[in-house]
Amino acid sequence: MTLGEFSVIARFFSRPVSPGILGVGDDAARLSLPPDTDLVSCKDLLIEGRHFFSDVAPATLGHKALAVNLSDLAAMGAKPLACLLGIGLTAPCPDWLGDFADGFYRLADQWQCPLIGGDTISSDFGTVISVTALGTLPKGELGLRRDRGQIDDDLWLSGDLGGADVALRALQGDDKISPELLAATRERLERPEPRVALGQALLPLAHAAIDVSDGLAQDLQHLLKASHCGAEIQWQQLPLHPMLQTLPENIKRLAVLNGGDAYELCFTAPKRSRTDIEQLAIALSIPLSRVGSLTQAPGLRLHHGNGLVESLSAQGFDHFKRGEQHG
Ligand SMILES: [Mg+2]
């Protein structure tokens, strides 16, 4: 069965939106910004074979396509407002589209981020998905920008790291891991939970933030460069996915420092925010680990428990240099 562009939109991507929003179905969408807010926007592009496996479950892909964008809004401290979806398909299949839409809408509904428009095309080069997310910040609020980190700030991480990378390497055939470990880490790769509530709650407490999409070492160095400072991090404090403890040191190290697709927030905050941040972790049921601090000296230094200090370069994932899959 073949589906035309208009029937794809009408059948799968036209779920009702709130009164007052003109959503899918006209030449453009229209909605009002909430009073006293500024608009924040971001976009991500996912390409089959590069950012996701061809046989990934469509509901999972629908979730992830939106999740990576909501993670960027979270890293700004922004509240989701609405999203737009562009999708290129080689052969539209109703079952696939239905499951993709279910995964997408479930996350959109969870964060009240209605799908208000987009486009569907046929693609000769595999499935291509692009999501634009719109969000808001309180009017005049700068947000958790990368360039707001200050010397002596504490450095924090949400959740845990390494799980998505271990699952990805196993699914690519690079590493052999047990079925139990793959089962325990695969969710991290395929269904990341964007830290939307955390990002907004950090606005009054934190200075700067970035979401860990390309690897901690690389993403943190973007923040350090923008903030004109360096950082010390403690290996012992880095939140390793609990199932990774028994893996060889070199695998753990790569997964935690260079593994992409984590979609956790790395943020800096003044020392006076410590108690509030610890309480926030409890209130949101999200582990928050204090892993180091910002320094006047440039560069990123990793302190091992035995007194060894190592200088880290940004060896995360670079979309233009390596052929691996990361979102
Ligand atoms: Mg980001």
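User: What is pLDDT?

Analyst: This is a predicted model. Each residue therefore carries a score from 0 to 100. That score, pLDDT, is the predictor's confidence in each residue.

User: Over which residues does pLDDT stay under 50?

Analyst: Start with the whole chain: its mean pLDDT is 92, and 94% of its residues reach 70 or more. One stretch scores under 50, though the model has 37 contacts for it beyond four places in sequence. That stretch is residues 319–327.

User: Which residues are the protein donors of the magnesium ion?

Analyst: Donors are N, O and S atoms within 2.8 Å of this metal. Two OD donors lie 2.0 to 2.1 Å from the ion. They belong to Asp72 and Asp211.

User: How many residues apart are Asp72 and Asp211?

Analyst: Asp72 sits in helix 2, residues 58–76. Asp211 sits in strand 6, residues 208–211. The pair links distant parts of the chain, and the separation is 139 residues.

User: Is Asp211 buried or exposed?

Analyst: The cut-off for buried is under 20% relative accessible area. Asp72 has 22%, so Asp72 counts as partly exposed. Asp211 has 3%, so Asp211 is buried.

User: Where is His207 found, and which side chain makes a polar contact with the side chain of His207?

Analyst: His207 is in the loop between helix 6 (196–202) and strand 6. At 16% relative accessibility, His207 counts as buried. Beyond four places in sequence, His207 touches several residues, including Arg145, Gln150, Asp153 and Thr268. The polar contact spans 2.8 Å, and its partner is the side chain of Asp153.

User: Why is strand 7 largely enclosed by the rest of the structure?

Analyst: Strand 7 covers residues 230–234. Count the buried residues, because that count decides the matter. Strand 7 is largely enclosed because the buried ones number 4 of the 5.

User: Which residues stand opposite Ala231 in strand 9 and strand 10?

Analyst: Strand 7 is joined by 4 bridges to strand 9 (residues 288–295), and the two run antiparallel. Another 4 bridges join strand 7 to strand 10 (residues 300–303), this time parallel. Opposite Ala231 in strand 9 stands Leu294. Opposite Ala231 in strand 10 stands Leu300.

User: How many disulfides are there?

Analyst: A disulfide needs two cysteine sulfur atoms within 2.5 Å. For Cys83, the nearest cysteine sulfur is that of Cys113, 4.1 Å away, and Cys83 is in no disulfide. The count of disulfides is 0.

User: Is Cys83 buried or exposed?

Analyst: Cys93 has a relative accessible area of 33%, so Cys93 is partly exposed. Cys83 has 0%. That makes Cys83 buried.

User: What separates the C-alpha atoms of Leu45 and Val128?

Analyst: Leu45 lies in strand 1, residues 37–47. At 45% relative accessibility, Leu45 counts as partly exposed. Beyond its neighbours within four places, Leu45 is in contact with His51, Val128, Ile129 and Ser130. Leu45 and Val128 are 83 residues apart along the chain, yet their C-alpha atoms are separated by 7.4 Å.

User: Which helices and strands do the buried residues of helix 8 pack against?

Analyst: Helix 8 covers residues 249–258. Its buried residues are Lys252, Ala255, Val256, Leu257 and Asn258. They pack against helix 4 (163–171), helix 7 (216–227), strand 10 and strand 11 (309–312).

How values were computed:
Residues numbered from 1 in each chain as written. Predicted model: local features only at pLDDT ≥ 70, side-chain atom pairs only at ≥ 80, totals over all residues. Heavy atoms only, no water. Donors = N, O, S within 2.8 Å, 3.2 Å for Na, K, Ca; no water. Buried < 20%, exposed > 50% of the residue type's maximum accessible area, 1.4 Å probe, protein only. Pairing = 2+ DSSP bridges. Polar contact = N/O pair within 3.5 Å; in protein donor to acceptor, adjacent residues only side chain to side chain. Contact = heavy atoms within 4.5 Å.
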